[in-house]
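Thank you all for making time this morning. I would like to walk you through one chain, beginning with its charged pairs and then turning to the packing around its opening helix.

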Amino acid sequence: MDDRDNPPGGSWTLLTGHGHVLVEIARNPKARIRDISAVVGLTERTVQAIVADLEAAGYLTRTRTGRRTLYTVNSDSLFRHEAQEGQRVGPFLALLAEKAEPGGSPTKADPH
């Protein structure tokens, strides 16, 4: 059994589904809904609804390229909660979108 299956302190996570989806899109703007779904552990239908929410709120835009969708994250978007009033999501996403190398040291996510 993986430690992620039984985290200390219960089953809650620090980020919401919306946060997980936005971070994954920042990591991989070419990801398909099914790919995002597999990474964040939500159904494809839930991820589709979250992507629609994020797009409607201005956090990302979707562009069709042939049969694929390319996502662009709006790093200048502001957090929605008053506790982070005036803070932009870009620095937060940049930190969380880093990919860890084997051994734990972070590397920047591929921007392409």
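**Salt bridges and the packing of α1**

Let me start with Glu 55, which is partly exposed because its relative accessibility is 30%. Please keep in mind throughout that what you see is a predicted model. The partner of Glu 55 is Arg 62, and the two form a salt bridge in which the closest N and O atoms are 2.7 Å apart. Arg 62 also counts as partly exposed, with a relative accessible area of 38%.

How many salt bridges does the count come to? The count comes to three, and I will take the remaining ones in turn.

In one of them, Asp 35 pairs with Arg 32, with 3.0 Å between the closest N and O atoms. Asp 35 is partly exposed at 28% relative accessibility, and Arg 32, at 38%, is likewise placed in the partly exposed class.

The other joins the side chains of Arg 27 and Glu 24, where the N to O distance is 3.5 Å. Are these two residues buried or exposed, or somewhere in between? Arg 27 has a relative accessible area of 27% and is therefore partly exposed, whereas Glu 24 is buried, because its relative accessibility is 10% and the cut-off for buried is under 20%.

Why might these two side chains be placed to meet? Arg 27 and Glu 24 are three residues apart in helix α1, so about one helical turn separates them. In general, an α-helix has 3.6 residues a turn, so residues three or four places apart point the same way. It is also true in general that side chains of opposite charge can pair when their charged atoms come close.

That brings me to the rest of the helix, since Glu 24 is listed among the buried residues of α1 together with Gly 19, Val 21, Leu 22, Val 23 and Ile 25. What do the buried residues of α1 pack against? Their packing partners are the helices α2 (33–40), α3 (44–56) and α4 (89–96), along with the strands β1 (60–65) and β2 (68–73).

Finally, I would point you to Leu 15, which lies in the segment before α1 (17–27). Leu 15 counts as partly exposed, because its relative accessibility is 24%. If we set aside residues up to four places away in sequence, Leu 15 touches His 20 and Val 23, and also Phe 92 and Leu 96. Of these contacts, Val 23 has already come up as one of the buried residues of α1.

How values were computed
Residues are numbered from 1 along each chain as its sequence is written. This is a predicted model: local features need pLDDT of at least 70, side-chain atom pairs count only at pLDDT 80 or more; totals for chains, interfaces and linings use all residues. Side-chain values use heavy atoms; hydrogens and water are left out. Helices (H or I, at least four residues) and strands (E, at least two) are DSSP runs, numbered from the N terminus. Buried means under 20% relative accessible area, exposed over 50%, partly exposed in between (1.4 Å probe, protein chains only). Contact means heavy atoms within 4.5 Å. A salt bridge is a side-chain nitrogen of Lys or Arg within 4 Å of a carboxyl oxygen of Asp or Glu.
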